[in-house]
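Here is a report on one protein chain and its fold. Please read it with the sequence and the structure side by side.

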Amino acid sequence: MILATTDTVNGKNAEVLGLVKGSTIQTVNAVRDIGAGLKTLVGGELTKYNEMMNNARALATKRMVEEAEALGADAIVGMRYTSASVMQSAAEVMAYGTAVKFVD
């Protein structure tokens, strides 16, 4: 599956199949959340939150690709991520784009 942030894939003619998306809501455990809260006092990278967001993006992308494959897509163009806080220490990540099938 080709994933592109551009609206086209060079050298390919494509038929639009439709919007595809994948999402997940992730959180870190309470102990790590307390540790992150203390980290804000001294500064630095919140590595557990970084890991959480990386895992969330990977899972959202996987779900989006599965949806595109179910449509028979060859690629997803115009691919984007968005995220939002849904509650303290929990974030939703959504991957979305346009599923396309290559035509001659």
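Is Gly18 buried or exposed? Gly18 is buried, with a relative accessible area of 19%. The cut-off for a buried residue is under 20%, so Gly18 counts as buried at 19%. The model is a predicted one.

**Gly18 and its surroundings**

Gly18 lies in strand 2. Leaving out residues up to four places away in sequence, Gly18 touches Gly97, Thr98 and Ala99. Gly97 is 79 residues from Gly18 along the chain. Their C-alpha atoms are separated by 8.4 Å.

**Overall layout**

The protein chain has two helices and four strands. Read from the N terminus, the order of elements is β-β-α-α-β-β. The protein chain holds 104 residues, and buried residues make up 30% of them. Contacts reach across the sequence. Among those between residues at least 6 apart, 75% join residues at least 24 apart.

**The sheet**

The four strands form an open sheet. Their order is 1-3-4-2, and the pairing is mixed. Strand 1 (2-3) and strand 2 (13-27) stand at the edges. Each has a single partner strand, so one side of each is left without a neighbour in the sheet.

Take the pairings one at a time. Strand 1 and strand 3 (residues 75-87) run parallel and are joined by two bridges. Strand 3 and strand 4 pair in the antiparallel sense, over 10 bridges. Strand 2 and strand 4 are also antiparallel, with 14 bridges between them.

Individual bridge partners place the strands against one another. The table lists some of them.

| Residue | Partner | Strand of the partner |
|---|---|---|
| Ile2 | Ala75 | strand 3 |
| Leu3 | Ile76 | strand 3 |
| Ile76 | Ala99 | strand 4 |
| Thr24 | Val93 | strand 4 |

Ile76 appears twice. Ile76 is the partner of Leu3, and Ile76 also stands opposite Ala99 in strand 4. Ala99 is in turn among the residues that Gly18 touches.

Strand 3 and strand 4 form a hairpin with two residues between the strands. Ser89 in this hairpin takes a positive phi near 75°.

**Helix 2 across the sheet**

Helix 2 covers residues 47-70. Helix 2 lies across strand 1, strand 2, strand 3 and strand 4 (90-103). Its direction is at about 145° to strand 2.

Two successive residues of helix 2 can be compared. Thr61 is found in helix 2, and Lys62 has its place there as well. Thr61 is buried, with a relative accessible area of 13%. Lys62 is partly exposed, at 48%.

What does Thr61 contact, leaving aside its neighbours within four places in sequence? Thr61 is in contact with Leu3, Met79, Tyr81 and Ala95. Leu3 is the residue whose bridge partner in strand 3 is Ile76.

Lys62 and Gly22 are 40 residues apart in sequence. In space they are 7.2 Å apart, C-alpha to C-alpha.

**The nonpolar core**

The largest nonpolar core has 17 residues. Val20, Met52, Met64, Ala68 and Ile76 touch the most other members. Helix 2, strand 3 and strand 4 each supply at least two residues of this core. Helix 2 gives the largest share, with eight residues.

Met52 has further contacts. Not counting residues up to four places away in sequence, Met52 touches Gln26, Thr27, Val28, Ser89 and Ala91. Ser89 is the hairpin residue with the positive phi.

**Rings and charge**

How many aromatic pairs are there? The count comes to zero. A ring does meet a charge, however. The charged end of Lys12 sits over the ring of Phe102, 5.1 Å from its centre.

**In brief**

The sheet is open and mixed, in the order 1-3-4-2. Helix 2 lies across the four strands and provides eight residues of the largest nonpolar core. Within helix 2, Thr61 is buried and Lys62 is partly exposed. In strand 2, Gly18 is buried and touches Gly97, Thr98 and Ala99.

Conventions:
Residues are numbered from 1 along each chain as its sequence is written. This is a predicted model: local features need pLDDT of at least 70, side-chain atom pairs count only at pLDDT 80 or more; totals for chains, interfaces and linings use all residues. Side-chain values use heavy atoms; hydrogens and water are left out. Rings of Phe, Tyr and Trp (its six-membered ring) pair if their centres lie within 6.5 Å; planes under 30 degrees apart count as stacked, over 60 as edge-to-face and the rest as tilted. A charge sits over a ring if NZ of Lys or CZ of Arg is within 6 Å of the ring centre and within 35 degrees of the ring normal. Two strands pair if DSSP finds at least two bridges between them. Contact means heavy atoms within 4.5 Å. Axes are lines fitted to C-alpha atoms, for helices over the stretch in contact, and angles run from 0 to 180 degrees between N-to-C directions. A nonpolar core is a set of buried Ala, Val, Leu, Ile, Met, Phe, Trp, Tyr and Cys residues joined through side-chain atoms within 4.5 Å. Buried means under 20% relative accessible area, exposed over 50%, partly exposed in between (1.4 Å probe, protein chains only).
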